[in-house]
Amino acid sequence: MKCAFLLYPHPNVRYRQSLLTIAQAELSMTLEALGRGGEVRPVTMGGAAFLTFDCDHLTRRDVRMLSQLAGVYVMFTMEDAQMVPMEPEHPNYIGEDLPALLKYKGKTNEMFTDAMLTMALSQSAFMPVHDSQLIVCDPMAGRGTTLMLAARRGYHGVGIEISKGDVKECCDFLTRYLEYHRTKYKRSESALTVRGKVGGRETKFVFSDTAEHFKDGDTRTLRMICGDTRDACALLRPQSVHLMVTDVPYGVQKGTAGRQDTIGGTIGAALGGWQEVLKPGGVLAMSFNTYVTRRAELERQCEKAGLCVVQTPSLEHWVEQAVNRDVILARKP
Ligand SMILES: C[S@@+](CC[C@H](N)C(=O)[O-])C[C@H]1O[C@@H](n2cnc3c(N)ncnc32)[C@H](O)[C@@H]1O
């Protein structure tokens, strides 16, 4: 069976090339994790970019996983030189548009973050079998792109973010979104203790895809903690999250050596705690700007914290003039 997956055409031609690199890696890793390994080839047909591969057979679970691929617009099988669209199995729980609607400076492209989530999942011990309710953490959450992607998939999300303004914007937006869509939810606030003092404030959303599920207690949670990620192991329970997906600061605001050191220092100080809150078999996916943070140094810090860096095809790609991004995947044994 030959498959050809049409990719979303990003309006920025140079970034489109970057997304192709990510989409190819995302598809290859997913096929391998599904036991359907095959070479993924980028092909242009009718002026549009496709990823093609051969496989024997795709099960319903395979199609469900492939329908989640961030970069893929339409999936086709190719039969006798005809392209036949495959019916996607969209597992959207809530908010198909939730991760994309809020626009702000510093937001991570949601298609990229979603691809990181899939790559982390593919390298973890938690590839979903049925409707697994995974817990996804973004330890530097900004205004919550990763958490909203998790909610869309029906996973639980928890974020740590140091900026009060970003936490407020994220929580206010989510409240407006849930109200507008008449989604059943509860919002609550609480203080969290770190070393005997208030070290974080948590805003917790409990919601469901339907009113019936909400009434039955079949709910999901999204928690946003305003706090310092270096306190992750005090703010979160040990071994409580399946996947960690984060985009660390690009450090281009000041562009000084001091600023660069600060980012590396923060990650170095946080990694031990991140490792503690991951479940065994869980995976951290971390993107960073290669102009300010060196891959070798981050890999060394991951290994020092007890995480095993996963060997992947090159994920390095151009984002904008001051940002060249790369991704590290690291697994907790
Ligand atoms: C690249 S941004 C993440 C953007 C996010 N993915 C989004 O789309 O909204 C990195 C974030 O890390 C946060 N940050 C930096 N140092 C932190 C710390 N020590 N603890 C928690 N968050 C921190 C910054 O405030 C910033 O919001």
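Leaving aside neighbours within four places in sequence, which residues is L51 in contact with? The first legend below answers this for the predicted model.

**Figure 1. Surroundings of L51 in strand β3.**
L51 lies in β3, which covers residues 48–54. Its contacts beyond four places in sequence are F5, L7, A23, Q24, L27, V40 and P42. L51 counts as buried because it has 23 C-beta neighbours inside 10 Å, and the cut-off for a buried residue is 20 or more. H90 is 39 residues from L51 along the chain, and the C-alpha atoms of the two are separated by 19 Å.

**Figure 2. Strand β1 and its pairing with β3 and β4.**
In a regular strand the side chains alternate between the two faces of the sheet. Strand β1, residues 2–7, shows this alternation. C3, F5 and L7 point to one face and are buried. K2, A4 and L6 point to the other face and are not buried. β1 and β4 run antiparallel and are joined by six bridges; within this pairing, F5 has M75 of β4 as its bridge partner. β1 and β3 also run antiparallel, with five bridges between them. On that side, K2 stands opposite D54 in β3. F5 and L7 of the buried face are also among the contacts of L51.

**Figure 3. A70 in the loop between α2 and β4.**
A70 lies in the loop that runs from α2 (60–66) to β4 (72–79). Is A70 buried or exposed? A70 has 22 other C-beta atoms within 10 Å and is therefore buried. Not counting residues up to four places away in sequence, A70 touches E26, M111, D114, A115 and T118. D80 is 10 residues from A70 in sequence, yet the two are 28 Å apart in space, C-alpha to C-alpha.

**Figure 4. The two domains and their contact.**
Domain 1 covers residues 2–85, and domain 2 covers residues 98–331. Their centres, taken over C-alpha atoms, are separated by 26 Å. In the contact between them, 18 residues of domain 1 meet 15 residues of domain 2. The side of domain 1 that touches domain 2 is made up of 10 nonpolar, six polar and two charged residues.

**Figure 5. Helix α4.**
Helix α4 takes in residues 110–123. Why should this helix span 20 Å? It has 14 residues, so at 1.5 Å a residue the expected span is 20 Å; the rise is counted for one less than the number of residues. The end C-alpha atoms of α4 are 20 Å apart, which agrees with the expected value. The helix is mostly covered, with 14 of its 14 residues buried.

**Figure 6. Helix α5 and what covers it.**
α5 is mostly covered: nine of its nine residues are buried. These are T145, T146, L147, M148, L149, A150, A151, R152 and R153. Which elements cover the buried residues of α5? They include α3 (98–101), α4, β6 (135–138), β7, β10 (220–227) and β11 (241–247). G154 follows α5 and has a positive phi, near 85°.

**Figure 7. The shell around the ligand.**
The ligand is surrounded by 20 residues, and the closest are M140, G142, T145, I162 and T229. The elements that give two or more residues to this shell are α5 (145–153) and β7 (156–161). By class, the shell holds five nonpolar, eight polar and seven charged residues. T145, one of the closest residues to the ligand, is also one of the buried residues of α5.

**Figure 8. A81 and Q239, two loop residues with positive phi.**
A81 is found in the loop between β4 and β5 (82–85). Its phi is near 65°, a positive value in a residue other than glycine. A81 is exposed because 5 other C-beta atoms lie within 10 Å, and the limit for an exposed residue is 12 or fewer. Q239 is found in the loop between α8 (232–235) and β11. Phi of Q239 is also positive, near 50°, and this residue too is not glycine. Q239 has 13 other C-beta atoms within 10 Å and so counts as partly exposed.

Definitions and conventions. Residues numbered from 1 in each chain as written. Predicted model: local features only at pLDDT ≥ 70, side-chain atom pairs only at ≥ 80, totals over all residues. Near = placed C-beta within 6 Å. Helix = DSSP H or I, 4+ residues; strand = E, 2+ residues; numbered from the N terminus. Nonpolar A, V, L, I, M, F, W, Y, C, P; charged D, E, K, R; others polar. Domains from an automatic or database assignment. Contact = placed C-beta atoms within 7 Å. Pairing = 2+ DSSP bridges.
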